[in-house]
Amino acid sequence: MTDGRIADFEFSYAPSRIRYGRGTVDSLAATLEDVGVSRALVVAGESTGTAPAVGGRVVSGLEPYHAGTYAGSSPAKRIEMAQEVASRAAALDADVLVAVGGGSAVDVATVGATLAAMEASSSEARRALREGELGVPAGVEPLPIVAIPTTLAGAELSVVAGITDAPRAPGEPVRRGGVSDGRLLPTAVVYDRALYETTPGDVLRASLMNGFDKGVETLYARTATPITDATAMRGLSLLREGVAGLAEGAAPSEGTLHRCILGTMLVQYGCSRGQATTLSILHAFGHGVARGFAIQQGDAHAIVAPHALSALFESVDGRRTLLAEALGVDETGAVAIAAGVVDAVTQIRDTLGLATQLRAIEDMQRDDLPTIARLVVVDGFMRNRPRGYDPTAADIQAVLERAW
């Protein structure tokens with residue numbers, strides 16, 4: 001490997017069928033024929049699913065295989081939404097879910113496919129979520145998913161999906177969980193540049209930060225392989241080139257969208273596999289900060305990433321040389337390279353005009369930081385931290401204090 005490590009690795013991946021281009025949603029029927037399905041339930045948010053320029057085009061492109069539309073997903077990602085998807089799929093005899101939009105729609109569709117495979121009632125589904133038993137039964141193939149992304153977060157190439165359960169009684173916390181199974185990777189992903197042009201600029205910018213951090217993490221995660229190194233480095237390079245064209249107030253050009261979509265595709269490609277994921281520290285921080293507060297994960301990443309990376313580099317190498325190469329950092333010496341990488345990430349955040357301080361988050365108090373730190377330490381993605389970096393809750397809180 002290019003950082004001097006020599007290590008054995010295993011890489012097993014059955015990737016989605018990928019179609020990319022302008023106007024690809026106009027021939028969705030052919031995509032369904034290719035994967036052998038013919039009754040599609042569209043899963044989307046209300047604005048995306050009902051907008052003529054998005055949901056309307058998707059439905060038109062699916063004809064004659066459009067069985068129905070569920071336009072009820074939202075960033076809250078409630079388990080009731082996924083249960084409704086499973087119920088409608090059964091009622092319509094749907095044999096494929098078509099998830100349109102950002103990570104919320106993809107997650108709701110993915111959990112919906114899981115619940116359909118479990119054949120669980122709404123109460124059984126909530127119990128399974130509470131007890132950590134939400135998953136696809138052995139020997140069962142879940143409904144296939146065709147993903148049509150409109151943001152740059154990269155959720156469309158993932159075997160992981162998050163879901164929440166609203167409090168059952170006043171004062172109870174929101175319960176959060178999810179599923180992770182190699183059988184849940186979308187069967188096909190259709191990227192249409194025209195659909196991205198309908199996405200609000202602030203959503204594109206925040207989602208790009210989320211996708212960008214997947215590339216950063218893929219390089220230093222303990223589950224990294226030479227294959228994911230290659231896709232992540234190229235993806236980061238493309239995202240870095242495209243950032244300027246997504247700056248606040250700028251209307252993204254065709255070239256900007258091209259670089260950003262391909263960059264997102266590449267940083268996500270292979271980083272989420274049935275037996276491993278390369279998501280790591282930054283996503284653990286993102287989960288901890290976003291849980292319970294009105295902030296999207298991309299904004300949470302923007303605030304914390306420079307400080308989290310600085311703490312990482314203070315303890316381990318973190319494959320900073322590879323990161324520097326991907327981010328165009330021209331420095332020599334370990335300390336200067338680490339500082340250059342942190343500066344490059346900070347510059348991308350600032351170019352996108354994203355949040356810079358935790359204190360700006362509505363309803364967050366400094367007294368919340370110890371609780372957030374404890375959530376970060378036990379987050380499942382922390383298992384993928386580089387070897388030699390073993391932060392305590394106090395260490396994580398110190399990072400959050402820097403970001404405050």
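This is a short tour of a predicted model, moving from its sheet to some of its helices.

**Stop 1: the sheet.** Start by showing the strands. Six of them, in the order 1-8-5-4-2-3, make an open sheet, and their pairing is parallel. As a reminder, strands of a sheet are joined through backbone hydrogen bonds, and the pairing can be parallel or antiparallel. Now colour strand 1 (17–21) and strand 3 (66–73): these are the edge strands, and each has a pairing on one side only. Going from one strand to the next, the twist averages 15 degrees.

**Stop 2: a pair inside the sheet.** Select residues 145–149, which are strand 5, and residues 188–192, which are strand 8. The two pair in the parallel sense over 2 bridges. Which residue of strand 8 stands opposite Ala-147? Click on Val-189 to find it.

**Stop 3: helices on the sheet.** Next, select helix 4 (residues 79–92), which packs on the sheet and touches strand 2 (40–45), strand 3 and strand 4 (96–101). The direction of helix 4 makes about 170 degrees with that of strand 3. Then add helix 5 (residues 103–118), another helix that packs on the sheet; strand 2, strand 3, strand 4 and strand 5 are the strands it touches. Its direction makes about 160 degrees with that of strand 4.

**Stop 4: helix 6.** Finally, select residues 122–130, which form helix 6, and show the side chains of its buried residues: Ala-125, Arg-126, Ala-128 and Leu-129. These lie on the same side of helix 6 because they cover an arc of only 160 degrees around the axis. Among the elements covering them are helix 4, helix 5, strand 6 (160–165) and strand 7 (175–180). Just after helix 6, look for Gly-132, with its positive phi of about 70 degrees.

Key: Residues numbered from 1 in each chain as written. Predicted model: local features only at pLDDT ≥ 70, side-chain atom pairs only at ≥ 80, totals over all residues. Heavy atoms only, no water. Pairing = 2+ DSSP bridges. Helix = DSSP H or I, 4+ residues; strand = E, 2+ residues; numbered from the N terminus. Axes fitted to C-alpha atoms, helices over the stretch in contact; angles between N-to-C directions. Contact = heavy atoms within 4.5 Å. Buried < 20%, exposed > 50% of the residue type's maximum accessible area, 1.4 Å probe, protein only. Arc of directions from axis to C-beta.
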